[in-house]
Amino acid sequence: MKLLNQSLKYLSISILGIVTVWSVVFYMNMLNEIKSSIDEGLENYKRLIIQNAQVDATILTKTYFDESFFTLRKIAAEEALKMRDSYIDTEIYMQDADDQAPEPEPVRMLTTAFEYNGQYYELKVANSMVEEDDLINELFWDVVWLYILLIAGIMVVNNIVLKKLWKPFYDFLKELKNYRLGSTQKLPETNTQTREFLDLQQAVNTLLQHSLAAFEQQKEFIGNASHELQTPLAMVTNKLELLLESSDLKQAEAEKIAAIFQIIERLVRLNQSLLLLSKIDNKQFFDNQQVSINEVVQQNRLELEELASFKALNITVTELEVLKVTIDPTLADILVANLLKNALFHNIKNGRVNISLSKDSLRLCNTGVSQPLESEKLFSRFHKTDSRSSGTGLGLSIVKAIADLYGFTIAYHFEKGEHVFEVKFSSL
């Protein structure tokens with residue numbers, strides 16, 4: 001979820017809580033004001049009733065509630081003297097014009113006592129509170145509409161004002177995503193005067209400069225190390241070749257020199273493979289373009305046809321569709337070549353290699369040992385299924401590194417007596 005949407009979510013929840021608390025407090029205050037106003041009206045109504053009773057004694061005989069909303073009852077002097085004015089919320093049965101029978105209605109009632117001509121009377125005066133229900137209903141909908149208006153206002157502010165405020169951050173983030181060590185010359189920057197964004201830019205660029213310096217040093221070290229290793233290896237190879245060409249060598253000496261020569265060649269291949277892995281890990285291959293994997297497969301098939309004939313292997317290519325991938329052409333060639341060489345080197349005499357190309361995957365099936373390989377170790381560096389192999393143990397590791405670099409997936413499984421390697425170009 002984007003930061004803007006997260007802020008909207010938390011603001012909405014916070015405002016809902018604030019509005020709810022405010023509504024309760026506002027309702028209680030308003031209700032107290034209404035009751036206070038009604039109580040004053042009841043007090044005034046009480047005085048009028050007592051004054052009218054002194055003029056019209058028939059009022060003192062009214063013992064039930066009607067449209068005049070009061071009742072009178074004779075009480076003893078002791079009871080009257082103990083009585084104090086009290087205000088309560090209660091219900092009385094009333095019948096409106098549209099009611100077929102009396103119904104309970106909420107009222108505010110004053111209970112008091114007074115003396116007239118030596119007699120004591122209890123007076124109950126009521127005032128309808130039906131408006132309270134209407135008040136609650138009106139207040140509820142007012143709060144709902146207030147909340148909706150507030151959220152709508154926040155959304156407008158969020159999408160116009162805050163979006164504009166956060167634009168430099170998203171622009172900087174986009175530049176940062178597109179930045180590549182060793183290939184992007186300009187450091188990411190943002191056009192803003194906001195202090196926090198400027199601090200973020202400075203911190204990120206400081207880290208990038210340190211990373212760039214380390215990257216350049218590592219690249220230089222790899223290049224120098226590779227060169228320094230290649231030179232003595234080439235010199236040793238030349239000297240061994242001269243020794244092998246000597247006519248006075250004995251058979252045993254020639255065999256030992258040939259064995260050393262093979263070891264030197266293996267060191268050369270190992271050095272080249274490690275250098276290639278380092279370059280892949282450091283993302284030094286980024287001459288990305290549309291590459292036809294079909295053409296790469298056919299080219300490697302032709303180049304390895306002699307090896308396949310020597311081992312009496314049959315290579316078949318099934319092109320279901322044209323497979324085009326955005327990748328560095330050199331890495332595409334290495335990926336296909338390593339998979340195909342692996343299928344040829346670890347095959348059996350008169351075996352077969354079947355290559356299938358679909359819209360988004362490359363699949364190689366080859367005969368070989370009649371049991372599945374250790375899939376969890378298969379792509380590890382220097383792992384060999386056969387300890388007697390003269391290979392470097394880095395071929396499939398390089399394939400895995402290339403796949404990881406571009407977000408492809410490579411999988412292995414054993415199916416119907418064949419070893420199956422499949423690369424899915426999921427980033428297409």
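Trainee: Why is L150 called partly exposed?

Mentor: This is a predicted model, and in it L150 has 33% relative accessibility. Buried requires under 20% and exposed requires over 50%, with partly exposed in between. L150 therefore counts as partly exposed at 33%. The residue is found in helix 3.

Trainee: What makes W22, F26, L146 and L150 a nonpolar patch?

Mentor: Patch residues need over 30% relative accessible area and no salt bridge, and nonpolar side chains are joined within 5 Å. W22, F26, L146 and L150 form such a patch on the surface, and together they have about 320 Å² of accessible area. Helix 1 (3–55) and helix 3 (130–178) are the elements that give two or more residues to the nonpolar patch.

Trainee: Which residues does UniProt list as "transmembrane region", and what is the secondary structure of residues 7–28?

Mentor: The unreviewed UniProt entry lists residues 7–28 and 144–162 under that name. In the model, residues 7–28 are 100% helix and 0% strand, with 32 Å between the end C-alpha atoms. Residues 144–162 are also 100% helix and 0% strand, and their end C-alpha atoms lie 25 Å apart. The label itself comes from the record, where annotations may be inferred rather than shown by experiment.

Trainee: Why is E122 counted as buried?

Mentor: The cut-off for buried is under 20% relative accessible area. E122 has 10% relative accessibility, so E122 counts as buried. The residue is found in strand 4 (residues 119–128). Leaving out residues up to four places away in sequence, E122 touches T71, L72, R73, I75, M83, T111, T112 and A113.

Trainee: How do you know that strand 9 and strand 11 pair?

Mentor: Pairing takes at least two bridges between the strands. Strand 9 (residues 361–366) is joined to strand 11 by 6 bridges, and the two run antiparallel. One of the partnerships is that of L364 with F421 in strand 11.

Trainee: How many bridges pair strand 10 with strand 11, and in what sense?

Mentor: Strand 10 (residues 409–415) and strand 11 pair over 7 bridges in the antiparallel sense. Set against the requirement of at least two, this count therefore qualifies as a pair. A411 stands opposite E422 of strand 11.

Trainee: What makes strand 11 mostly covered?

Mentor: Strand 11 spans residues 418–424, and 6 of its 7 residues are buried.

Trainee: Where does K416 lie, and why is K416 called exposed?

Mentor: K416 lies in the loop between strand 10 and strand 11. Exposed means over 50% relative accessible area. K416 is at 80%, so K416 counts as exposed. K416 also has a positive phi of about 55° although it is not a glycine. The hairpin of strand 10 and strand 11 has 2 residues between the strands.

Trainee: Why is N350 exposed rather than buried?

Mentor: The relative accessible area of N350 is 61%, so N350 is exposed; the threshold is over 50%. N350 lies in the loop between helix 8 (329–345) and strand 8 (352–357). Its phi is positive, about 65°, although N350 is not a glycine.

Trainee: How many of the residues in the chain are buried, as a percentage?

Mentor: Buried residues are 34% of the 428 residues in the chain. The chain has 10 helices and 11 strands. Its accessible surface comes to about 26800 Å², and 56% of that belongs to carbon and sulfur atoms. Among contacts in the chain with a separation of 6 or more, 65% are between residues 24 or more positions apart.

Definitions and conventions:
Residues are numbered from 1 along each chain as its sequence is written. This is a predicted model: local features need pLDDT of at least 70, side-chain atom pairs count only at pLDDT 80 or more; totals for chains, interfaces and linings use all residues. Side-chain values use heavy atoms; hydrogens and water are left out. Helices (H or I, at least four residues) and strands (E, at least two) are DSSP runs, numbered from the N terminus. Buried means under 20% relative accessible area, exposed over 50%, partly exposed in between (1.4 Å probe, protein chains only). Contact means heavy atoms within 4.5 Å. Patches are made of residues with over 30% relative accessible area and no salt bridge: like charges are joined within 9 Å, nonpolar side chains (Val, Leu, Ile, Met, Phe, Trp, Tyr) within 5 Å. Accessible areas come from the Shrake-Rupley method with a 1.4 Å probe; for residues, only the protein chains shown count as cover. A salt bridge is a side-chain nitrogen of Lys or Arg within 4 Å of a carboxyl oxygen of Asp or Glu.
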